[in-house]
Amino acid sequence: MKCNHCGAGNREQGNFCTKCGKKLRETCECWVKKEPYNCGNDTCPGYRLHAQLK
Ligand SMILES: [Zn+2]
Ligand SMILES: [Zn+2]
């Protein structure tokens, strides 16, 4: 998967560009969620997402 922002190649599974950190996908697939969920952040908050949703 190629980054739309910096053009760097990334592994298929990644939600974010390994080079510039921008999102590669519309849906983030946050790893704290069982289903694909878009956290809407430039960098996924991870566990902090739970706190944000409360
Ligand atoms: Zn990038
Ligand atoms: Zn996320």
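# Exercises on a two-zinc protein model

Glu29 sits in the segment before H1. The model is predicted. Work through the exercises with the structure open.

**Exercise 1. Describe the backbone and exposure of Glu29.**

Solution.
- Step 1: Check the backbone. Glu29 has a positive phi of about 55° although it is not a glycine.
- Step 2: Check the exposure. Glu29 has a relative accessibility of 36%. Buried requires under 20%, and exposed requires over 50%. Glu29 therefore counts as partly exposed.

**Exercise 2. Give the overall make-up of the protein: which secondary structure does it have, and how much of it is buried?**

Solution.
- Step 1: Count the elements. There is one helix and there are zero strands.
- Step 2: Take the extent. Along the principal axes, the C-alpha atoms fill a box of roughly 35 × 15 × 15 Å.
- Step 3: Take the burial. Of the 54 residues, 31% are buried.
- Step 4: Take the surface. About 4200 Å² is exposed, and carbon and sulfur atoms supply 45% of that area.
- Step 5: Take the contact range. Consider contacts between residues at least 6 apart in sequence: 6% of them join residues at least 24 apart.

**Exercise 3. Find the protein donors of the zinc ion (ligand 1), and explain why the arrangement is tetrahedral.**

Solution.
- Step 1: List the donors. They are the SG atoms of Cys3, Cys6, Cys17 and Cys20, at 2.3 Å from the ion.
- Step 2: Read the spacing. Along the sequence, these donor residues follow C-x2-C-x10-C-x2-C.
- Step 3: Locate two of the donors. Cys3 and Cys20 both lie in the segment before helix H1 (48-53), 17 residues apart, and the pair links distant parts of the chain.
- Step 4: Test the angles. Tetrahedral requires all angles between 85 and 135 degrees. The four donor atoms subtend 104 to 116°, so the arrangement is tetrahedral.
- Step 5: Set the exposure of two donors side by side. Cys3 has 4% relative accessibility and so counts as buried. Cys20 has 35% and so counts as partly exposed.

**Exercise 4. Place Asn10 and list its neighbours: is Asn10 buried or exposed, and what does it touch?**

Solution.
- Step 1: Place the residue. Asn10 belongs to the segment before H1.
- Step 2: Classify it. Its relative accessibility is 9%, so Asn10 counts as buried.
- Step 3: Look for a polar partner. A polar atom of the Asn10 side chain lies 3.1 Å from the backbone oxygen of Ala8.
- Step 4: List the contacts, leaving out residues up to four places away in sequence. Asn10 touches Met1, Cys3, Phe16, Cys17, Thr18 and Leu24.
- Step 5: Link back to ligand 1. Cys3 and Cys17 are among these contacts, and both are donors of that zinc ion.

**Exercise 5. Describe the site of the zinc ion (ligand 2), then find which residues make up the largest nonpolar core.**

Solution.
- Step 1: List the donors. The SG atoms of Cys28, Cys30, Cys39 and Cys44 coordinate the ion at 2.2 to 2.5 Å.
- Step 2: Read the spacing. Along the chain the donors follow C-x1-C-x8-C-x4-C.
- Step 3: Check the geometry. Angles among the four donor atoms run from 102 to 120°, and the site is tetrahedral.
- Step 4: Check burial. Cys30 and Cys39 are both buried.
- Step 5: Follow Cys39. Leaving out residues up to four places away in sequence, Cys39 touches Lys23, Cys28, Cys30, Cys44, Pro45 and Leu49.
- Step 6: Assemble the core. The largest nonpolar core has seven residues: Phe16, Cys28, Cys30, Val32, Cys39, Cys44 and Leu49. Cys28, Cys30, Cys39 and Cys44 in this core also coordinate ligand 2.

Note on methods:
Residues numbered from 1 in each chain as written. Chains lettered and ligands numbered in written order. Predicted model: local features only at pLDDT ≥ 70, side-chain atom pairs only at ≥ 80, totals over all residues. Heavy atoms only, no water. Donors = N, O, S within 2.8 Å, 3.2 Å for Na, K, Ca; no water. Tetrahedral: all angles 85-135°; square planar, octahedral: opposite > 155°, others 65-115°. Helix = DSSP H or I, 4+ residues; strand = E, 2+ residues; numbered from the N terminus. Buried < 20%, exposed > 50% of the residue type's maximum accessible area, 1.4 Å probe, protein only. Polar contact = N/O pair within 3.5 Å; in protein donor to acceptor, adjacent residues only side chain to side chain. Contact = heavy atoms within 4.5 Å. Areas by Shrake-Rupley, 256 points an atom, 1.4 Å probe, with all protein chains shown as cover. Core = buried A, V, L, I, M, F, W, Y, C linked by side-chain atoms within 4.5 Å.
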